[in-house]
Amino acid sequence: MRVLVTGGAGYIGSHTIMELLKQQHEVIVLDSLETGYIEALVELGIVNRLVVGSTQDAQLLDRVFREYKPEAVIHFAAYKSVAESIENPNRYFQNNVFGTTTLLDTMVRHGVKNLVFSSTCAIFGTPSYLPVQEHNNNTNPENPYGESKLIVEQILRWYDRAYGLKSVCLRYFNVAGAAEGARIGEDWTKAQNLIPVVLKAALGVIDSVQVFGSDYPTHDGTCIRDYIHVVDLAQAHILSMEYLLTTNTATCYNLGTGKGSSVMDVIQTVRNITGENFKVIMSPRRPGDPAAIWADSFKAVQELGWKTRYNLEDMIRSAYQWHKSHPNGWRQSDSEVLIPMG
């Protein structure tokens, strides 16, 4: 199948492309390279199928759909920093919402009816109960990032009704880890997620780890999250695409391991794996951070046949191998990178 992957030069996008290529799918990539890395696509041998540009550019999207004729779209292109979204909500609604509706309108014009959408558990905010199920928790985002993803989920329901555009919304929990053999991974030069930040401390790139909040109602006072390996997550995108093609039914799935780990649990696991005892600084809570959230992924297991293969130790160990071999992220030198024209 010919698949357009928006945001395919990013962390999750590149791992999904790797799995798509393993299964002999034809891939086209649209990425602004604002937060993605062309080096990941070079490593995957797909850089000749990269179009540089934004989902907000309707003319560029029309050209991509005319030239490449994708049969399905996997949509990752979005901003994702909770803290930044609180400081600059307009940036998030413009990119995450307007960019997506521009993409959807292009799909409708070109008769492409299948979309896998990168959503988030942040649509739930502080859940009414745990674990989080798809339809039995209220959606109450506590930051503009989560709100932008929820708005798109609501838009997709109406596009299904009006235009027959079918979608699967994948609500990620906390993504971590790297591909086997450290072939590709998360560039930590811009990463704000916990595991790469803690690994920076373990590898001596930063002096300490700052923990935001030590007074939450959890077993050690720090936030609890559900961490999922990026390769497990990538597989869910392919299964979701296949589900759309076989059932022609729109739906949504929560994707996590179903096990919560606290910030201090992650820090101790990193210490155990690396043998490094780095400094930890306790700081006040950040706005928009729920105390605890983890997934009930039974629906994805039942309907997609999806299952997780990796635990927290596997995620941290694979990420550690990646970061040790790529201490400067993807940009290993200051040499010029040639970027294809969009």
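Reader: Which residue follows α8, and what is its phi?
Author: In this predicted model, α8 covers residues 230-247, and a loop lies between this helix and β10, at residues 251-255. Within that loop is a residue other than glycine whose phi is nevertheless positive. The residue that follows α8 is asparagine 248, with a phi near 55 degrees.

Reader: Is asparagine 248 buried, partly exposed or exposed?
Author: Buried would require a relative accessible area under 20%, and exposed one over 50%, with partly exposed in between. Asparagine 248 has a relative accessibility of 47%, so it counts as partly exposed.

Reader: What distance separates the end C-alpha atoms of α8, and what span should its 18 residues have?
Author: The expected span is 1.5 Å times one less than the number of residues. For the 18 residues of α8 this gives 26 Å, and the distance between the end C-alpha atoms agrees with it, as that distance is also 26 Å.

Reader: Where does glutamine 24 lie, and is it buried or exposed?
Author: Glutamine 24 lies in the loop between α1, residues 11-22, and β2, residues 26-31. Its phi is positive, about 70 degrees, although glutamine 24 is not a glycine. Exposed means a relative accessible area over 50%, and with a value of 67% glutamine 24 is therefore exposed.

Reader: How far apart are the end C-alpha atoms of helix α5?
Author: Helix α5 has 21 residues, from 89 to 109, and at 1.5 Å a residue it should span 30 Å. The distance found between its end C-alpha atoms agrees with that expectation, being 29 Å.

Reader: What covers the buried residues of α5?
Author: The buried residues of α5 include Tyr92, Asn95, Val97, Leu103 and Met107. Among the elements that cover the buried residues of this helix are the strands β1, β4 and β5, together with the helices α3, α4 and α6.

Reader: Which peptide bond is cis, and what is its omega?
Author: The bond leads into proline 131, a residue that lies in the loop between β5 and α6. The cis peptide bond is the one from leucine 130 to proline 131, with omega near -5 degrees.

Reader: How far is the charged end of arginine 91 from the centre of the ring of tyrosine 79?
Author: For a charge to sit over a ring, CZ of Arg must be within 6 Å of the ring centre and within 35 degrees of the ring normal. The charged end of arginine 91 sits over the ring of tyrosine 79, and its distance from the ring centre is 3.8 Å.

Notes. Residues are numbered from 1 along each chain as its sequence is written. This is a predicted model: local features need pLDDT of at least 70, side-chain atom pairs count only at pLDDT 80 or more; totals for chains, interfaces and linings use all residues. Side-chain values use heavy atoms; hydrogens and water are left out. Helices (H or I, at least four residues) and strands (E, at least two) are DSSP runs, numbered from the N terminus. Buried means under 20% relative accessible area, exposed over 50%, partly exposed in between (1.4 Å probe, protein chains only). Contact means heavy atoms within 4.5 Å.
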